[in-house]
Amino acid sequence: MTENIIGNPSKNDFFNMLMRNYASLSVFLMGSIALVVPTGYSVGPLLLLFASTCLLFRKETVKLTTQDILIIIILATYALVVGGMSYIEIGSRGLDRPVRFLLAIPVLLLILRYPPHLAWLWSGLALGAGLAGGWAAWQKFVEGVWRAEGYTHVIQFGNLSMLMGVICFAGIGWALSQPRFRFAWCSLLAVGGLMGMLASLLSGSRGGWVGLPVVAFVLYKSYGHKLSKSVKALVIAGLVLAGLSLYSIPQTGLQDRFQDAKNDISSYYSDENRDTSLGLRFEMWRGASQLIMERPILGWGEAGYAEAMIELGEQGEITYQSSQFGHAHNEFIDALAKRGLMGLAVLLALYFVPLRLFASGLKHQNLETRSLAVAGTLLAVGYIDFGLSQAFLAHNSGVMFYAFWLSLLWGCYRVQLIQQQISVQPQN
């Protein structure tokens, strides 16, 4: 019975093989060109969405588990609540980003029916993170830009590069389980992980680094017991040495960014200058908090929030410059201010329900399965971290990456779980 969830993989007909290869190529593109081609993060998802239409004409149905249905409900609920409230206020243009969460659902069904080859998933991520690091280095050291930004907003570029990098480290578990080219796969993913983190460093996006202790905890909990004490010590020493080296090189800009943060905080609390990078965030959070106190249940809406913040700026409650931003630069405060408690509830569910479901597999005995659980856990952890200093889902790149990578990773993870169940069933 369980084998029907993935469309009976024993049916190795030409169409099934074609669809799996198509899905594998699309998934490879999801990672490899995400940040190095303009709107590259949309190419793979669009290819998968197009292919999902074939499910309408296939006789085999995708049988869903309770957990699959829960992921679908989370995606649909967020889309309907946020999209519905935005549509009531500002019309059809409010549906642009929320509807993408609905479009991720058929992609999940496609992945369950025609799961991609995991080698394409992990190699695409490693290549994409590596290219992002190389592109960031080119921008920083050759073109001489202040902060590397790729083809998207600088904070989005830095944080998504970081996320792709740490997910590469999750894939090392898969690499260790490969009978052939194990060392090559491990090296590729390790380099991809480091290059993704380098891209984040060179972007100067500090928010993504706040959650690194949690990322390290997830990776340690999942793989730490497989490492000897000497290897653990070597890894820690290597990371510390790399960090100190990067910090000591003026061209990386790390010293300036840390000093800027220190100066911003000092200037804000001394009232010397509230319109610095961090000062503007503090002002936006303060203004949004006032709005939340006035309308905690349903919030102010997109347009209402913008108008109310401008009014606070004109009244001198917050600085004028901070009143000009369309979101609060904090995902959770922004959701509460614009959509009230309901908006905050669906946002928390969007992050924490998948986090709980993926985290249950962090100790799975099969490394291929565990690597996907780690990747899904880090996806949610990363977005929670990013959301502390940026409204990540207010950007197309943030929406596309979370919605479709959640569907991809969950679909692959569930297929692995089913295959593990089949493999341990006694043969008749």
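**Figure 1. Overall view of the protein chain in the predicted model.** Of the 428 residues of the protein chain, 53% count as buried, and the chain as a whole holds 17 helices and zero strands. Among the contacts in the protein chain with a separation of 6 or more, 76% are made by residues 24 or more positions apart. The surface that the protein chain exposes comes to about 19200 Å², with carbon and sulfur atoms supplying 66% of that area.

**Figure 2. Close-up of the largest cavity.** Two cavities of 30 Å³ or more are counted in the model, and the largest has a volume of about 40 Å³. Its lining is made up of M162, L163, V166, G208, G211, L212, V215, G382, D385 and F386. The elements that give two or more residues to this lining are helix 6 (154-170), helix 10 (212-223) and helix 16 (367-386). By residue class, the lining of the largest cavity divides into six nonpolar, three polar and one charged.

**Figure 3. Close-up of the second largest cavity.** The space inside the second largest cavity is about 30 Å³, and the residues that line this cavity are M30, A34, Y41, P45, M400, F401 and W405. Helix 17 (residues 396-424) provides the largest share of the lining, with three residues. The lining of the second largest cavity contains seven nonpolar residues, whereas no polar and no charged residues take part in it.

**Figure 4. Close-up of helix 13, residues 277-294.** Helix 13 has 18 residues and reaches 27 Å from its first C-alpha to its last, a span that is close to the 26 Å expected at 1.5 Å a residue. The buried residues in helix 13 are L278, G279, L280, R281, F282, E283, M284, G287, A288, L291 and I292, a list in which the charged side chains R281 and E283 stand beside nonpolar ones such as L280 and F282.

**Figure 5. Close-up of S123 in helix 5.** S123 lies in helix 5, which runs over residues 118-142. With a relative accessible area of 15%, S123 counts as buried, because the cut-off for that class is under 20% relative accessible area. When its neighbours within four places in sequence are left aside, S123 is in contact with F28, W185 and L188.

Methods:
Residues are numbered from 1 along each chain as its sequence is written. This is a predicted model: local features need pLDDT of at least 70, side-chain atom pairs count only at pLDDT 80 or more; totals for chains, interfaces and linings use all residues. Side-chain values use heavy atoms; hydrogens and water are left out. On a 1 Å grid over the protein atoms alone, a cavity is a set of points where a 1.4 Å probe fits but cannot get out, and a pocket is an open set with protein on both sides within 12 Å along at least five of seven lines; lining residues have an atom within 4 Å of a point. Grid points are joined across faces, edges and corners, and a volume is the space filled by probe spheres set on the points. Helices (H or I, at least four residues) and strands (E, at least two) are DSSP runs, numbered from the N terminus. Buried means under 20% relative accessible area, exposed over 50%, partly exposed in between (1.4 Å probe, protein chains only). Contact means heavy atoms within 4.5 Å. Accessible areas come from the Shrake-Rupley method with a 1.4 Å probe; for residues, only the protein chains shown count as cover. The expected span of a helix is 1.5 Å times one less than its number of residues.
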